[in-house]
Amino acid sequence: MQTQPIRIGTRGSDLALAQARETRARLMAAHGLAEDAFEIVVITTTGDRITNRPLSEVGGKGLFTLEIEEGLIEGRLDLAVHSSKDMPTVLPEGLELSAFLPREDPRDAFIGKAAPTIAGLPKGAVIGSASLRRQALLRRMRPDLNVVLFRGNVPSRLAKLEAGEVDATLLAQAGLKRLGLEAATTELLPLDTFPPAPGQGAITIESRRGDERINAILAPIHHRETGLALTAERAFLGALDGSCKTPIAGHAVVDGDTLSLHGMILTPDGTEAHETRVDGSVGDVVAVGVEAARILRERAGPSFFTTW
Ligand SMILES: NCc1[nH]cc(CCC(=O)O)c1CC(=O)O
């Protein structure tokens, strides 16, 4: 039996901790282990320290994972728990996403103080979001709204909304549910008109490639369908643009032997958008993501990605 605890790396936000505890609970149940078989190790990342600028300007997604990945590579951590949505498409040499937990609700939640729905917001209402995708989708639907940058973790955004800094905001329903805060949601946005970010709602576990002990520990908590969907969404994102400067939505679902991916790219101002739906075999989900990206690149034309 294991004597050294399994060290689980995570960021320190309420959401990250909830996700690390969920992973630990699933591992305890799968293996009949006690809580003290695990140690949750909280790591502050560069991304956590930068709170006042859009992440697209300071270097993007890797900022939330760098220090945790160093811990894995140097052997100070055995596995790391992340929101799939925050993971870069290319990981450091020697690391891999070795498991995905069953996906929570992938939809975006609208949280309105001035009105309960996007359609009900008065002209010029101030809506805060840090996500380029949400900003672009909002501007596309409601060009009259005043979309402003809004950062911070989930509880602090809700507090800023409550304090009247903005009239409304958008958050992932999955994160709200994991924090027990879903009562704040006033409208759930439809997947077809407001598609989520690739990976939204899914927890992933990163570990050293070829670490047989950890792979065996993770195998029983891996969720096959979520893994297939996420592999397709990440292939789609990787084939489009890894820079975080293009608003990109992508969501895949598995139905039997078929995987269907809905992808969309937009200009940041929401005036131009291209979308596609590609179906393919669960036997080659990367091909589905790559094909969706190819179609969107072709529709958008060569100037689309260089306009801003
Ligand atoms: N970028 C922050 C982030 N990363 C993952 C989630 C929510 C949980 C998820 O999508 O799995 C959030 C907050 C949000 O978008 O509301």
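Two residues are in contact here if their C-beta atoms, placed from the backbone, lie within 7 Å. In this predicted model, helix 1 lies across strand 1, strand 2, strand 3 and strand 10, and runs at about 155° to strand 1.

**The sheet beneath helix 1**

These strands belong to an open sheet of five strands with mixed pairing, in the order 2-1-3-10-4. Strand 2 (38-42) and strand 4 (95-100) form the edges, each pairing on one side only. On average, neighbouring strands of this sheet are turned by 30° against each other, direction ignored. Strands of a sheet pair through backbone hydrogen bonds, in either the parallel or the antiparallel sense. Three of the pairings are set out below.

| Strand pair | Sense | Bridges | Residues opposite each other |
|---|---|---|---|
| Strand 1 and strand 2 | parallel | five bridges | I6 and F38 |
| Strand 1 (residues 6-10) and strand 3 | parallel | two bridges | G9 and A80 |
| Strand 3 and strand 10 (residues 203-208) | antiparallel | four bridges | A80 and E206 |

A80 of strand 3 thus appears in two of these rows: G9 stands opposite A80, and E206 in strand 10 is a bridge partner of A80.

**Strand 3**

Strand 3 (residues 79-83) is largely enclosed by the rest of the structure, because five of its five residues are buried. In a regular strand the side chains alternate between the two faces of the sheet. Accordingly, L79, V81 and S83 point one way from strand 3, A80 and H82 point the other way, and all are buried. S83 is also one of the residues around the ligand.

**The ligand shell**

Besides S83, the residues around the ligand are K85, D86, V154, L171, A172, A174, G175, Q200 and G201. By class, this shell comprises four nonpolar, four polar and two charged residues. Strand 8 (168-172) and helix 7 (173-178) each supply at least two residues of the shell. Which domains contribute at least three residues each to the shell around the ligand? Domain 1 (1-101 + 202-222) and domain 2 (108-188) both do.

**Domains and their interface**

The domain assignment of the protein chain gives domain 1 (1-101 + 202-222), domain 2 (108-188) and domain 3 (224-300). The centres of domain 1 and domain 2, taken over C-alpha atoms, are separated by 28 Å. Where these two domains touch, eight residues of domain 1 are in contact with 11 residues of domain 2. Helix 1 (residues 14-31) gives the most to the domain 1 side, with four residues. That side divides into three nonpolar, four polar and one charged residue. Helix 1 therefore has two roles in this description, since helix 1 lies across four strands of the sheet and also contributes to the side of domain 1 that touches domain 2.**Helix 5**

Helix 5 (residues 132-141) is mostly covered, with seven of its 10 residues buried. The buried residues are R133, R134, Q135, A136, L137, L138 and R139. An α-helix has 3.6 residues a turn, so residues three or four places apart point the same way. What surrounds the buried residues of helix 5? The cover includes strand 5 (108-112), strand 6 (126-128), strand 7 (146-148), strand 8, strand 11 (248-255) and strand 12 (258-266). Strand 8 is also among the elements that supply at least two residues of the ligand shell.

Key. Residues numbered from 1 in each chain as written. Predicted model: local features only at pLDDT ≥ 70, side-chain atom pairs only at ≥ 80, totals over all residues. Near = placed C-beta within 6 Å. Nonpolar A, V, L, I, M, F, W, Y, C, P; charged D, E, K, R; others polar. Domains from an automatic or database assignment. Buried ≥ 20, exposed ≤ 12 C-beta atoms within 10 Å, placed from the backbone. Pairing = 2+ DSSP bridges. Axes fitted to C-alpha atoms, helices over the stretch in contact; angles between N-to-C directions.
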